[in-house]
Amino acid sequence: MRASPKTSLAKTILAAVGLWLAAVNPLAAAELVMFEVPGCLWCERWLDDIGPVYPKTDEGKRAPLRRVNLDQTLPDDLKRLQRPVFTPTFVLLNDDGEEIKRIVGYVGEDMFWWVLSTATATLKPAK
């Protein structure tokens with residue numbers, strides 16, 4: 001049975017409204033924001049050491065990584081944060097976009113994972 005043109009139009013409109021609502025009011029989620037600049041050796045080292053495995057970890061699943069170039073204008077939702085001075089700087093945001101923990105610099109995997117796991121343990125369960 002073929003859908004009538006009115007039914008198809010209604011489904012198209014409903015789908016468009018759903019996409020618009022998702023874009024305007026996305027579900028809040030925790031995230032780990034990595035502030036970096038091109039040529040930062042410690043940023044590159046973090047990306048080599050941690051970058052490939054981060055999304056596969058519990059921390060990475062709970063707070064996905066978002067990379068932000070400090071040489072560019074900060075996204076509107078991050079302008080309320082104190083602008084980092086050193087790179088890399090990692091800022092853990094909770095589901096409401098509030099800063100939970102700031103990790104300045106990268107001195108190695110062990111220290112990074114210890115500080116991050118301690119901080120993510122304070123987050124509420126994902127919505």
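This passage describes a strand hairpin, a residue in its loop and a nearby-numbered helix, H4, in a predicted model.

Strands S3 (89-93) and S4 (99-104) run antiparallel and are joined by five bridges. One of the pairings involves Thr-89, whose bridge partner in S4 is Val-104. Between the two strands of this hairpin there are five residues, and among them Gly-97 takes a positive phi near 80°.

The loop between S3 and S4 also holds Asp-95. With a relative accessibility of 9%, Asp-95 counts as buried, because residues under 20% are placed in that class. The side chain of Asp-95 takes part in two contacts that can be described from the model. In one, the side chain of Asp-95 reaches the backbone nitrogen of Ala-30, at 2.8 Å; in the other, a polar contact of 3.2 Å links the side chain of Asp-95 with that of Arg-62. Arg-62 belongs to helix H3 (58-62), so that the contact with Arg-62 connects the loop between S3 and S4 to this helix.

Helix H4 comprises twelve residues, 109-120, and spans 16 Å from its first C-alpha to its last, which is close to the 16 Å expected at 1.5 Å a residue. Within H4, the buried residues are Phe-112, Trp-113, Val-115, Leu-116, Ala-119 and Thr-120. The elements that cover these buried residues include strand S1 (31-36), helix H2 (41-49) and helix H3, and both strands of the hairpin, S3 and S4, likewise belong to this cover.

How values were computed
Residues numbered from 1 in each chain as written. Predicted model: local features only at pLDDT ≥ 70, side-chain atom pairs only at ≥ 80, totals over all residues. Heavy atoms only, no water. Helix = DSSP H or I, 4+ residues; strand = E, 2+ residues; numbered from the N terminus. Buried < 20%, exposed > 50% of the residue type's maximum accessible area, 1.4 Å probe, protein only. Polar contact = N/O pair within 3.5 Å; in protein donor to acceptor, adjacent residues only side chain to side chain. Pairing = 2+ DSSP bridges. Expected span 1.5 Å × (residues − 1). Contact = heavy atoms within 4.5 Å.
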